[in-house]
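Let's walk through this one together, strand by strand. Keep the viewer open and follow along.

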Amino acid sequence: MRRPPTARSPPWTPPPTGCSGSPLARPQPAGAAVHLARGTVYFTLGNGSVRAVSPRTGRQTWESNSSVEFPGPPLASATHVYVASPNGRLAALDRRTGRVDATRPGRNDAGPTGMADSGAPLLLVGDALYVPYGTRCVYSVDVRRL
């Protein structure tokens, strides 16, 4: 039977440095959005830059210019990292190297994108990637045919 914590024994041990995990080996730019997907930390910037960083070592494994302006949260599959802009522009990056393997142009059939700072979260169901864009629109693409 487990005893409840007392004043002398906290329920957790605080990390000695004030943070958990490894420090970043390279500082990231101000304004970078931080996302964790499939065990990798991704930093995305409004200019389309995507950086992959190992959470264990803090070292950058790759950096790529996705050409997707204001990318939303990246979605990582077993082989690719996908990012999309508020107007639906899509890029598929190789998950190991960051190389841009495929892109799709943005859509202009949804009217203004509103005040979106970045693309909305993507959804992958089997081989169908659902890409939200505009205010209330979505399109899908077969990732095998990108």
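A residue counts as buried when its relative accessible area is under 20%. Keep in mind that this is a predicted model. With that cut-off in hand, take a look at β7: five of its five residues are buried, so the strand is mostly covered. In a regular strand, side chains alternate between the two faces of the sheet. In β7, Leu90, Ala92 and Asp94 sit on one side, with Ala91 and Leu93 on the other, and all of them are buried. Both faces of this strand are covered, in other words.

Now for the company β7 keeps. The strand belongs to an open sheet of four strands, ordered β5-β6-β7-β8 and paired antiparallel. The edges are β5 (75–76) and β8 (100–104); each has a single partner strand, so one side of each has no neighbour in the sheet. Strands of a sheet pair through backbone hydrogen bonds. Two bridges tie β5 to β6, and here Leu75 has Tyr82 of β6 as its bridge partner. Between β6 and β7 there are five bridges, with Ala84 opposite Leu90. On the β8 side, β7 makes four bridges, and Leu90 stands opposite Arg104.

The turns are worth a look too. β6 and β7 form a hairpin with five residues between them, and Gly88 in that turn has a positive phi of about 90 degrees. The hairpin of β7 and β8 also has five residues between its strands, with Gly98 in the turn at a positive phi of about 85 degrees. Elsewhere, β10 and β11 make a hairpin with three residues between them, where Gly134 has a positive phi of about 60 degrees. Six bridges join that antiparallel pair, one of the pairings being Leu129 with Val141.

So what packs together inside? The largest nonpolar core has 12 residues, among them Tyr82, Ala84, Leu90, Leu129 and Val141. Two or more residues each come from β6, β7, β10 and β11, and β10 gives the largest share, three residues. Tyr82 makes a good place to zoom in: leaving out residues up to four places away in sequence, its contacts include Leu90, Ala92, Leu122, Leu129 and Val143. Apart from this core lies another one, of 11 residues, including Ala37, Val50, Val83 and Ala91.

Last stop is Thr40, in strand β2 (residues 40–44). Its relative accessibility is 17%, so Thr40 counts as buried. Beyond its neighbours within four places in sequence, Thr40 is in contact with His35, Ala52, Val53 and Pro55.

Methods: Residues numbered from 1 in each chain as written. Predicted model: local features only at pLDDT ≥ 70, side-chain atom pairs only at ≥ 80, totals over all residues. Heavy atoms only, no water. Buried < 20%, exposed > 50% of the residue type's maximum accessible area, 1.4 Å probe, protein only. Contact = heavy atoms within 4.5 Å. Core = buried A, V, L, I, M, F, W, Y, C linked by side-chain atoms within 4.5 Å. Pairing = 2+ DSSP bridges.
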